[in-house]
Amino acid sequence: MNEVEFNISNAELIVMRVVWSLGEARVDEIACQISPNLDWSLATVKTLLGRLVKKGMLSTEKEGRKFVYRPLMAECTAIQMMGQSLLEKVCETKQVKLLADMIALSNLTSEDIAILQEALKNKETVQETTCTCLENFNSCSCQHAS
């Protein structure tokens, strides 16, 4: 999958998280790792796997009578693409609020906080952020203060 657009559903992402965690897996191995609260049948898991293969997220190889699925995109690449996609959906003037909210909602270890502090220390700043809601900023009526 190229650096195009990360376009998978929430259900497909659940399946991908299982495959990333296992490295490779058969349908039955994937299905038993999915929360029973979702109440997915084996057919549902197979459908989602088929979609992920078509989207170029998974490869499939027949081993004996079963198919083995392997990720074609690294999880860290997918996370980066999801983050980029989310930031592109938010006005540039409100991205800091989004990031702060995500940090507040996250469970972080002291090591995680050190990583974030280092990233901020190394982040190149800009003079100001500009509204990206509309092409013509003068006609924008969004509230730019947090």
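This passage walks through a sheet, the helices packed on it, and a group of cysteines in a predicted model.

A good place to begin is the sheet, which is open and built from three strands in the order E1-E3-E2, with antiparallel pairing. Its edges are formed by strand E1 (25–26) and strand E2 (58–63), each of which pairs on one side only. As a reminder, strands of a sheet are joined through backbone hydrogen bonds, in either a parallel or an antiparallel manner. Here, E2 and strand E3 (residues 66–71) run antiparallel to one another and are paired over six bridges. To find this pairing in the structure, it helps to look for Glu61, which stands opposite Val68 in E3.

Helices accompany these strands. Helix H1 (residues 10–22) lies across E1, E2 and E3, and its direction is at about 90° to E3. Helix H3 (residues 42–54) also packs on the sheet, where it touches E2 and E3. The direction of H3 makes about 115° with that of E2.

The cysteines invite a closer look. A disulfide is a covalent bond that links the sulfur atoms of two cysteines. How many disulfides does the model contain? The count comes to zero. The case of Cys91 shows how such a result arises: its closest cysteine sulfur, in Cys133, is 3.5 Å away, whereas a disulfide calls for sulfur atoms within 2.5 Å. The two sulfurs are therefore too far apart for a bond. Cys91 counts as buried, at 7% relative accessibility. Cys131 is buried too, with a relative accessible area of 10%, because the cut-off for a buried residue is under 20%.

Conventions: Residues numbered from 1 in each chain as written. Predicted model: local features only at pLDDT ≥ 70, side-chain atom pairs only at ≥ 80, totals over all residues. Heavy atoms only, no water. Pairing = 2+ DSSP bridges. Helix = DSSP H or I, 4+ residues; strand = E, 2+ residues; numbered from the N terminus. Contact = heavy atoms within 4.5 Å. Axes fitted to C-alpha atoms, helices over the stretch in contact; angles between N-to-C directions. Buried < 20%, exposed > 50% of the residue type's maximum accessible area, 1.4 Å probe, protein only.
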